[in-house]
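The following exercises concern the surroundings of two bound ligands in a predicted model. Each task is followed by a solution in steps.

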Amino acid sequence: MSANWAKQFSEYPLVTKSPDSATRVVHVGDIAIGAGAFVVMAGPCSVESERQLLETAEAVAKAGAVILRGGAFKPRSSPYAFQGLGVEGLKILAKARRETGLAIVTEVLSECDVDAVAEYADIMQIGSRNMENVALLESVGRCGRPVLLKRGMVATLEDLLAAAECIAAKGNLDIMLCERGIRTFGTATRNTFDIAAVPVLKEVSKLPVIVDPSHACGVRSLVPVLARAGAVVGADGMIVEVHPDPKKALSDGEQSLLFDQFEAMMRDLAQYVPMALRSESCCASMAGGRD
Ligand code: PEP
Ligand code: MN
């Protein structure tokens, strides 16, 4: 690690590399994240109905995803927009896990919901709007589940590692760092994908790094090429939005892939990186929350 980086990140000893520290592999059931194979988490932005989620879960599992994403508690910019199905959404996610064997990643918005979300989720997602919510970070640090920590919209990598350290300091080192685009002066895309963040984080941190090409650009047609970019610069996996009918999506339809686009993207990625596959025993061995 360069001397500059070593100094810059020295305040976060639990999540940065030291000469004797191995890279952390995060285990979710029998899925190993950070062990060399590219792990794909896919699904809709929001859980909208049982039918929408199950259909999507089956399609993404068939195309090679190993983890299902879907927001039940949604952080929307407008108080009038769809806020998610809450606990009902968590129950639908659990049903999709039962039916497909996919593990579940879903966002927890508030400290008050940590126990409820941890009951159902395999991975707790901290969204970019909450990256600096220390009470929430500490609470997921104690929840006993792996955490997907998204970079805040205006956060430096130092800020991201400081947030990860807050989780780790409460005893949870099963953390994945997620680059999901940051705010810049560019307006052609929703955010600016900070591609250099991936190799920097891989160099300075011991934690797996996940890219989110969907929120990074906000435009469906750009998602596959950004996913490929993330994979070839060394990300350990990605989280990506897929919807059966994006025009009707209740959130983030413009950036959601159709099923056939997702499948084509997965075939493309397999040419560049080894893809994490599902094992036959995944359903049986899922660490998983409540059914
Ligand atoms: C999401 O994953 O749907 C989401 C809200 O992401 P972010 O926190 O990166 O905006
Ligand atoms: Mn979204």
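A residue counts as near a molecule if one of its heavy atoms lies within 4 Å of that molecule.

**Exercise 1.** Determine which residues come nearest to ligand 1 and how the shell around ligand 1 divides by class.

Solution. Step one: there are 13 residues around ligand 1, and Arg69, Ser128, Arg129, Lys150 and Arg180 come nearest. Step two: sorted by class, the shell holds 7 charged, 4 polar and 2 nonpolar residues.

**Exercise 2.** Identify polar partners of the oxygen atoms of ligand 1, and state how much of the ligand's area the protein buries.

Solution. Begin with side chains: an N or O atom of Arg69 lies 2.8 Å from a ligand oxygen atom, and a polar side-chain atom of His215 lies 3.2 Å from an oxygen atom of ligand 1. For Ser128, the partner is a polar backbone atom, 2.8 Å from an oxygen atom of ligand 1. Next, consider area: ligand 1 taken alone exposes 300 Å², of which the protein buries 98%. Finally, the space that ligand 1 takes is the largest pocket.

**Exercise 3.** Which protein atoms are donors of the manganese ion (ligand 2), and how are the donor residues spaced in sequence?

Solution. First, list the donors: Cys45 (SG), His215 (NE2), Glu241 (OE) and Asp252 (OD), at 2.0 to 2.4 Å from the ion. Second, write their spacing as C-x169-H-x25-E-x10-D. Third, locate two of them: Cys45 lies in the loop between strand 3 (39-43) and helix 2 (50-63), and Asp252 in the loop between strand 10 (237-241) and helix 10 (259-269). This pair, 207 residues apart, links distant parts of the chain.

Notes
Residues are numbered from 1 along each chain as its sequence is written. Chains are lettered from A and ligands numbered from 1 in the order in which they are written. This is a predicted model: local features need pLDDT of at least 70, side-chain atom pairs count only at pLDDT 80 or more; totals for chains, interfaces and linings use all residues. Side-chain values use heavy atoms; hydrogens and water are left out. A polar contact is a pair of N or O atoms within 3.5 Å; within protein, one must be able to donate a hydrogen and the other to accept it, and residues adjacent in sequence count only if both atoms are side-chain atoms. Accessible areas come from the Shrake-Rupley method with a 1.4 Å probe; for residues, only the protein chains shown count as cover. On a 1 Å grid over the protein atoms alone, a cavity is a set of points where a 1.4 Å probe fits but cannot get out, and a pocket is an open set with protein on both sides within 12 Å along at least five of seven lines; lining residues have an atom within 4 Å of a point. A molecule sits in a cavity or pocket if more than half of its atoms lie within 2 Å of its grid points. Ala, Val, Leu, Ile, Met, Phe, Trp, Tyr, Cys and Pro count as nonpolar, Asp, Glu, Lys and Arg as charged, and the others, Gly among them, as polar. Donors are N, O and S atoms within 2.8 Å of the metal (3.2 Å for Na, K and Ca); water is not among the atoms, so sites may look incomplete. Helices (H or I, at least four residues) and strands (E, at least two) are DSSP runs, numbered from the N terminus.
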